Amino acid sequence: MNRFANQTAVITGGGNGIGFAVAQKLAGEGAKIWILDWDASLARKAAESLRAKKYNADYISVDVSKEADVKAAFDRIKNDGGCSVVLNSAGIVGPNGIKTAEVELEAFEKTCQVNLTGSFLIIKYALHLMLPQKYGRILLMASIAGKEGNAGMSSYSASKAGVIGLVKSVGKEYAESGITINAIAPATIMTPMVEKMESDQIKYMTDKIPMKRCGQLEEIANLAAWIVSKESSFNTGFTFDMTGGRAVY
Ligand SMILES: NC(=O)c1ccc[n+]([C@@H]2O[C@H](COP(=O)([O-])OP(=O)(O)OC[C@H]3O[C@@H](n4cnc5c(N)ncnc54)[C@H](O)[C@@H]3O)[C@@H](O)[C@H]2O)c1
């Protein structure tokens, strides 16, 4: 398939994990890729590894929670020819394996700044770029934690519930614009983010998955690619399930 020929996709958090998996998938189907990541070294390596496969890829060092960074990145992308796809996969897990009475305010706020404020900023500047062209696909990464709340991860769960609410609202606002805004809510996918978590927290999350396994990067990349393709034209404001049966709504 070559669903993204002549299209450009911007992928935040593309230096690692789910973002990089989706970057590889979209590049393989013809997209030019912009990797945006606050870890410049990861972003450069991701872009280089795509170019080594003869794909078109570049990177920008961006902290998605900083408006100046996000605005400057989208200005540069616009001057380079724009984009039709934006995936916001940048995120942090924040405090985990810890109950709320022990969570530091600073850690709570940081988690919300990256996961929720970052989602808002990416949507805002993606819309500025996409509205004049009357076409676009914006995809955010929410989480099962935002639907159900994971004990021991209240900051993360709250930030991801915010992402789900954001997508519902913005999807409705721009439903007639040619731009769709959706999210995916995964259960556990084994990535560097999960590998860094407390082992009891990982067990708590994976035990709840009826398929009794973690999701795989290829599975999430396949769903993401469909949502951001032209094929997905009657879906907006929705949070798609990716939980091996944990969420049935
Ligand atoms: N892996 C899972 O099980 C899982 C489950 C549900 C939701 N998610 C969500 O999917 C997204 C991707 O997760 P992952 O598992 O691939 O994580 P990951 O840690 O493997 O990759 C995240 C990437 O985002 C980058 N990043 C973090 N904060 C950033 C910021 N402020 N600005 C720019 N880049 C930043 C990191 O450098 C990293 O390259 C996250 O939003 C996460 O919350 C993951």
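1. A crossover is called right-handed if, with the strands pointing away from the viewer, the path from the first strand over the helix to the second runs clockwise. In this predicted model, β4, α4 and β5 form a β-α-β unit of that right-handed kind. The points below begin with the strands of this unit and then move to the core, the ligand and some single residues.

2. Strand β4 covers residues 85–88 and is joined to β5 by four bridges, with the two strands running parallel. One pairing to look for is Asn-88, whose bridge partner in β5 is Leu-140. The side chains of β4 can be sorted by direction: Val-85 and Leu-87 point one way, Val-86 and Asn-88 point the other way, and all are buried.

3. β4 also pairs with strand β1 (residues 8–12), again in parallel, and four bridges join them. Here Val-10 has Val-86 of β4 as its bridge partner.

4. Is strand β5 enclosed by the rest of the structure or open? Strand β5 (residues 136–141) is largely enclosed, because six of its six residues are buried. The burial applies to both faces: Gly-136, Ile-138 and Leu-140 lie on one side, and Arg-137, Leu-139 and Met-141 lie on the other. Note that Arg-137 is listed among the buried residues.

5. β5 has another pairing, with strand β6 (residues 179–186): six bridges, in the parallel sense. In this pairing Met-141 stands opposite Ile-184 of β6.

6. A further parallel pair is made by β2 (residues 32–37) and β3 (residues 57–61), joined by five bridges. Between these strands the chain passes through helix α2 (residues 40–52), and this β-α-β crossover is right-handed. Within the pair, Ile-35 has Tyr-59 in β3 as its bridge partner.

7. Which residues have the most contacts inside the largest nonpolar core? They are Ile-33 and Ile-35, in a core of 70 residues. Helix α4 (residues 105–130) gives the most to this core, with eight residues. Ile-35 can be followed in detail: apart from its neighbours within four places in sequence, Ile-35 is in contact with Ile-11, Gly-14, Gly-15, Ala-23, Ala-43, Ala-46, Ala-47, Ala-57 and Tyr-59. Tyr-59 thus appears both in this contact list and as the bridge partner of Ile-35.

8. The ligand is surrounded by 30 residues, the closest being Gly-13, Gly-17, Gly-91, Thr-191 and Met-193. By residue class, the shell around the ligand holds 14 nonpolar, 13 polar and three charged residues. Helices α1 (17–28), α4 and α7 (192–195) each supply at least two residues of this shell. Helix α4 therefore has to be viewed in two settings, as a contributor to the ligand shell and as part of the unit with β4 and β5, a unit that is right-handed in the sense of clockwise travel over the helix.

9. Gly-17, one of the residues closest to the ligand, is found in helix α1. Gly-17 counts as buried because 22 C-beta neighbours lie inside 10 Å. Leaving out residues up to four places away in sequence, Gly-17 touches Thr-191, Pro-192 and Met-193. Of these, Thr-191 and Met-193 are also among the residues closest to the ligand. For a sense of distance, Gly-17 and Ile-202 are 185 residues apart along the chain, and their C-alpha atoms are separated by 16 Å.

10. Ser-65 sits in the loop between β3 and α3 (67–79). Is Ser-65 buried or exposed? Ser-65 counts as buried, because it has 21 C-beta neighbours inside 10 Å and the cut-off for buried is 20 or more. Beyond residues up to four places away in sequence, Ser-65 touches Gln-113, Val-114, Thr-117 and Gly-118. The C-alpha atoms of Ser-65 and Trp-38 are separated by 9.8 Å, with their positions 27 residues apart along the chain.

11. Two lysines deserve a check of the backbone. Most residues other than glycine have a negative phi. Phi of Lys-134, however, is near 55°, a positive value, and phi of Lys-212 is near 60°, also positive. Lys-134 is found in the loop between α4 and β5, while Lys-212 lies in the loop between α8 (199–207) and α9 (217–227). Lys-134 is exposed, with 10 other C-beta atoms within 10 Å. Lys-212 is likewise exposed, with 9 C-beta neighbours inside 10 Å.

Technical notes
Residues numbered from 1 in each chain as written. Predicted model: local features only at pLDDT ≥ 70, side-chain atom pairs only at ≥ 80, totals over all residues. Core = buried A, V, L, I, M, F, W, Y, C linked by C-beta atoms within 7 Å. Buried ≥ 20, exposed ≤ 12 C-beta atoms within 10 Å, placed from the backbone. Contact = placed C-beta atoms within 7 Å. Pairing = 2+ DSSP bridges. Near = placed C-beta within 6 Å. Nonpolar A, V, L, I, M, F, W, Y, C, P; charged D, E, K, R; others polar.
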